[in-house]
2 protein chains.
Amino acid sequence: MTTSEKAYEVVIDFIKKQISSGTLRLEDRLPPERELAEELGVSRNSVREALRVLDILGVVSSRQGAGNYVSSHFESSLVEMLSLMYLLQNIGYRDLTDFRYGLERQALTHAVGRATETQVREMEENIRAMEAAGEESLKAAYDKNIHYAIAKISGNVLINDTLQALSEVMDRYIVDVRGKILRRPGNQARLQDAHRRMVSAIRDGDLDSGLHALDDHFRCIYESLEE
Amino acid sequence: MTTSEKAYEVVIDFIKKQISSGTLRLEDRLPPERELAEELGVSRNSVREALRVLDILGVVSSRQGAGNYVSSHFESSLVEMLSLMYLLQNIGYRDLTDFRYGLERQALTHAVGRATETQVREMEENIRAMEAAGEESLKAAYDKNIHYAIAKISGNVLINDTLQALSEVMDRYIVDVRGKILRRPGNQARLQDAHRRMVSAIRDGDLDSGLHALDDHFRCIYESLEE
């Protein structure tokens, strides 16, 4: 090993290969640090460093006094990474809308007829709260809740995680886009109607009506982005 | 600081917050390691460790002798993380197909009429190569090229990056799904026809025909996943 960087990378690569090949599986215990260090010809410090990185990536969990295990607590690190990626890349609202539309269309398709009574009630409460709220910033927060609830109900981990990762970006986006939409009279009612119809369609298992409502919702957004 | 783990996490959180708030932007130089250590009350070793992790995550780049910079070389780490996530979480092909479909539908919508002559020629060459190839593994590689070319032509960074991040996962997925599709006679021609029509529609600026071809393509996939 010429530098310590190379040493910890050797360890990471070794563990990743063991996972890819299926030698190491979820919940399996990793070899002891000493053993890894000897086998790979690196210092124990390098092994510890590698394990720390894999922990942050969500691939390894350390259990106090019981060693290191293959884990899959990806969600938070994936969400953080994607969130930083989106923040740093300065994505335009048009691209963000297309991206959202593609994923939310799929989410709605699978959410229809799949929500529990509690989930439906929660969405309906968010709609009522959105309509009753005086402050626009509150309305925007309830608006977001409804969309994220649908993603969750869809049961698609990829769609849900990706939208979760966009959460911080979405906070600003939803406020800005609502602002643009509401400049035109009648759009407030139009947006509320679209949300209501989306949730009713999910409750009633009516896919066609749900997709129509979603299309109306996004037409509202696209129109306001064009102005 | 009670443990070194807490110390490096403090540094990571600090830098992430600076990025989220817009204080640190892409290509900005980070404060010197010594300064960060003093400001946050941690050892320089902890700062170095944190920077190494952020480098692996794709958020920071070290330039020899010139300090550390905010970066966005996410792709490779995202690819690795998503691949491992897929391997460990066993995300079903059904969810992956829904995810792809949502994003590729948007990609095609924006690629229609937008491709340069060179891009169209490249896609057409991939189709010819796919049809001419004897080995199924080669066909699968050309198949993937066509789909990724469309994502690129769409010009949507979010869609393109996300599909790129899924690239390794997609390698196995496309081979497996093609295998399932081709078990049924007539599906080879059906799949080739769908690809041809997608590319022609992009070339001719015919959105309706492009979306029909894409829908046929994905219907092929969904049918074979149900069997």
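This passage describes a few helices and residues of a predicted model, beginning with the contact between two chains.

Helix H5 of chain A and helix H5 of chain B, each spanning residues 93–111, pack against each other with their axes 9 Å apart and at an angle of about 140 degrees. Angles over 145 degrees count as roughly antiparallel and those of 65 to 115 degrees as roughly perpendicular, so H5(A) and H5(B) are classed as oblique to each other. The crossing of these two helices is right-handed. On the chain A side, the residues in contact are Arg94(A), Asp98(A), Phe99(A), Tyr101(A), Gly102(A), Leu103(A), Arg105(A), Gln106(A) and His110(A). They meet Arg94(B), Asp98(B), Phe99(B), Tyr101(B), Gly102(B), Leu103(B), Arg105(B), Gln106(B) and His110(B) in H5(B). Sorted by class, the contact of H5(A) with H5(B) has 6 nonpolar, 6 polar and 6 charged residues.

Next comes a helix with two contrasting sides. In helix H2 of chain B, which covers residues 33–40, the buried residues are Glu33(B), Leu36(B), Ala37(B) and Leu40(B). Viewed down the axis of H2(B), these buried residues fall within an arc of 100 degrees, so they line one face of the helix. The spacing fits a simple rule: an α-helix has 3.6 residues a turn, so residues three or four places apart point the same way. Glu38(B) and Glu39(B), on the other side of H2(B), are exposed. Both a buried residue, Glu33(B), and the exposed pair Glu38(B) and Glu39(B) are thus glutamates of this helix. Just after H2(B), Gly41(B) adopts a positive phi of about 65 degrees.

Two single residues complete the picture, one in each chain. Ala213(B) lies in helix H11 of chain B, which runs over residues 207–226. With a relative accessible area of 0%, Ala213(B) is buried, because the cut-off for that class is under 20%. Leaving aside residues up to four places away in sequence, Ala213(B) touches Ala194(B), Arg197(B) and Met198(B). Gly67(B) is 146 residues from Ala213(B) along the chain, and the C-alpha atoms of the two are separated by 51 Å.

In chain A, Ser167(A) is found in helix H9, which comprises residues 167–182. The relative accessible area of Ser167(A) is 18%, and because buried means under 20%, this serine also counts as buried. Apart from residues up to four places away in sequence, Ser167(A) touches Lys144(A) and Tyr148(A).

Terms used:
Residues are numbered from 1 along each chain as its sequence is written. Chains are lettered from A and ligands numbered from 1 in the order in which they are written. This is a predicted model: local features need pLDDT of at least 70, side-chain atom pairs count only at pLDDT 80 or more; totals for chains, interfaces and linings use all residues. Side-chain values use heavy atoms; hydrogens and water are left out. Buried means under 20% relative accessible area, exposed over 50%, partly exposed in between (1.4 Å probe, protein chains only). Helices (H or I, at least four residues) and strands (E, at least two) are DSSP runs, numbered from the N terminus. The arc is that of the directions from the helix axis to the C-beta atoms. Axes are lines fitted to C-alpha atoms, for helices over the stretch in contact, and angles run from 0 to 180 degrees between N-to-C directions. Angles under 35 degrees count as roughly parallel, over 145 as roughly antiparallel, 65 to 115 as roughly perpendicular and the rest as oblique. A crossing is left-handed if the near helix is turned anticlockwise from the far one by less than a right angle, and right-handed if clockwise. Contact means heavy atoms within 4.5 Å. Ala, Val, Leu, Ile, Met, Phe, Trp, Tyr, Cys and Pro count as nonpolar, Asp, Glu, Lys and Arg as charged, and the others, Gly among them, as polar.
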